[in-house]
Amino acid sequence: MGNFYSDHFIQAEGVPQGSVLSVTLFIIHLSQILNFLPSYVHGSLYVDDLQISCQGSNMNTIERQLQNAVNKLVAWCDKNGHTISAEKSRCVHFCRKRNIHLDPNIQIRNAPVPVVNEIRFLGVIFDRKLTFLPHILHLRKKCERSLNILKVLSRTSWGADRTSLLRIYQAVILSRIDYGCMVYGSARPTVLRRLDTIHHSALRISSGAFRTSPVESLYVVCHQLPLYLRRQKISALYFFRAQSVPNHPISQLTLPVSLHRLYAARPFHILPFSERAKMLLHDSDLNNVSVQFSDFFTFPPWEIPQFSYLNPFSGFDKSSTAPVTFQQLFHHHRYQFSSFMPIFTDGSKSDGHVGCGVVFPSDTLSYRLNNCCSVFTAELVAIFCALQEISPSSQRNFIIYTDSMSALETISL
């Protein structure tokens with residue numbers, strides 16, 4: 001600090017506390033622990049939060065398999081300088097059988113792991129019946145305390161305006177409700193409706209509406225969706241992100257035909273997330289949408305290619321500049337890049353139709369998109385199709401023209 005240096009010390013194991021690379025180094029070192037799990041035991045890891053699970057119909061078999069996996073994890077930790085705390089570990093027996101059955105007995109270094117009725121993992125409370133009622137009640141209690149912030153700031157004499165109150169609500173309360181909604185969204189509708197009162201109270205406070213104002217009018221005035229539609233939207237977006245990642249665990253989960261018949265015969269049973277998302281997309285006419293795979297390892301983070309674009313019209317206001325000036329600027333631009341093959345892209349949307357086009361000097365390509373796509377998506381798809389067409393070409397001098405500045409700014413981020 002300044003002209004003073006700290007004392008030298010030897011780091012025997014672990015990472016220096018407060019170092020910038022400590023978390024990254026810890027994740028890299030601990031990520032290998034899942035490779036030592038048996039094939040019949042599943043596990044997930046987020047930094048230092050580790051969970052393992054095993055399913056079956058015989059408790060003795062499950063107990064033996066889990067104990068074998070725990071022993072392997074303890075052996076790996078002893079070899080690599082880590083410690084698994086039995087006091088901080090918990091075991092939950094997820095089962096919906098109503099008759100009496102034993103809970104598993106798992107031990108870490110001869111210390112039994114406590115069996116509890118609910119466990120909090122990554123901010124979501126899982127109960128043994130997977131009703132998610134404890135999580136909903138805990139979430140509602142936290143949101144009710146946060147509502148006091150809106151009540152204080154909504155004073156008529158010096159309080160904040162509607163826009164500011166809605167932004168505070170979205171940042172402080174609605175973000176908590178959205179977190180993990182694709183997980184606890186499998187709860188019963190009667191359980192999920194316990195959160196609607198928080199949503200409606202916040203909208204009434206933010207908009208200054210009366211207590212007797214209809215809920216539908218609150219949605220319109222505040223430009224907010226009902227919570228059940230918001231959960232469907234977030235679940236669909238998460239499902240699309242999972243589909244874009246190769247070998248994602250959710251994309252690999254498909255129900256066999258026998259289970260489809262079981263769920264069809266018992267409609268009161270809630271479907272798994274992937275099946276509920278497929279039904280939602282089918283009802284929204286989005287089941288035929290093809291998802292582009294995202295390859296995160298194409299470029300290392302330190303070699304991500306930088307994107308830049310040319311804008312010869314920058315500095316000219318469209319409302320105060322004559323069209324002939326833009327034509328002269330474009331002709332001068334084409335003269336400078338006369339050796340480059342021009343490619344023009346455009347996207348459009350009308351009632352019941354969304355499409356994009358790519359115009360080459362000798363050919364014109366057109367594509368029809370899903371009706372739910374926006375003009376912004378159509379512009380991006382047009383640029384993507386143009387790049388796909390010129391990618392296998394041996395010629396390297398191409399120039400793509402688009403009239404969407406928002407698409408260029410998004411690509412350049």
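The following paragraphs describe the nonpolar cores, a helix pair, some individual residues and an annotated region of this predicted model.

A natural place to begin is the interior. The largest nonpolar core comprises 39 residues, and Leu150, Tyr169, Ile173, Ile177, Tyr184, Leu195 and Leu203 have the most contacts inside it. Helix H4, spanning residues 162-178, supplies six residues, the largest share of this core. Another core, of 18 residues, lies apart from it and includes Leu30, Val41, Leu73 and Cys91. In soluble globular proteins, nonpolar side chains tend to be buried together. Within the largest core, Ile177 offers a helpful close-up: once residues up to four places away in sequence are set aside, Ile177 touches Leu139, Cys143, Tyr169, Tyr184, Leu195, Ile198 and Leu227.

Two of those partners, Leu139 and Cys143, also belong to the H3 side of the packing between helices H3 and H4. Helix H3 covers residues 133-153, and its axis lies 10 Å from that of H4, at an angle of about 170°. Because an angle over 145 degrees counts as roughly antiparallel, the two helices are described as roughly antiparallel to each other. From H3, the residues in contact are Leu139, Lys142, Cys143, Ser146, Leu147, Ile149, Leu150 and Leu153; facing them from H4 are Leu165, Ile168, Tyr169, Val172, Ile173, Arg176 and Ile177. Sorted by class, this contact contains twelve nonpolar, one polar and two charged residues.

Two loop residues deserve a look for their backbone geometry. Arg109 is not a glycine, yet its phi is positive, at about 55°. Arg109 sits in the loop between strand E4 (107-108) and strand E5 (111-112), and its relative accessible area of 52% makes it exposed. Leu130, likewise a residue other than glycine, has a positive phi near 55°. Leu130 is found in the loop that runs between strand E8 (124-127) and H3. With a relative accessible area of 33%, Leu130 is partly exposed.

Towards the start of the chain, Ser22 is part of helix H1, which covers residues 22-30. Its relative accessibility is 9%, so Ser22 counts as buried. Beyond its neighbours within four places in sequence, Ser22 is in contact with Val15 and Pro16.

Finally, an annotation can be placed on the model. An unreviewed UniProt entry lists residues 337-413 as "domain: RNase H type-1". Over this range the chain is 30% helix and 35% strand, with the end C-alpha atoms 25 Å apart.

Terms used
Residues are numbered from 1 along each chain as its sequence is written. This is a predicted model: local features need pLDDT of at least 70, side-chain atom pairs count only at pLDDT 80 or more; totals for chains, interfaces and linings use all residues. Side-chain values use heavy atoms; hydrogens and water are left out. UniProt positions are given in the numbering used here, feature names are shortened, and annotations may be inferred rather than shown by experiment. Helices (H or I, at least four residues) and strands (E, at least two) are DSSP runs, numbered from the N terminus. Buried means under 20% relative accessible area, exposed over 50%, partly exposed in between (1.4 Å probe, protein chains only). Contact means heavy atoms within 4.5 Å. A nonpolar core is a set of buried Ala, Val, Leu, Ile, Met, Phe, Trp, Tyr and Cys residues joined through side-chain atoms within 4.5 Å. Axes are lines fitted to C-alpha atoms, for helices over the stretch in contact, and angles run from 0 to 180 degrees between N-to-C directions. Angles under 35 degrees count as roughly parallel, over 145 as roughly antiparallel, 65 to 115 as roughly perpendicular and the rest as oblique. Ala, Val, Leu, Ile, Met, Phe, Trp, Tyr, Cys and Pro count as nonpolar, Asp, Glu, Lys and Arg as charged, and the others, Gly among them, as polar.
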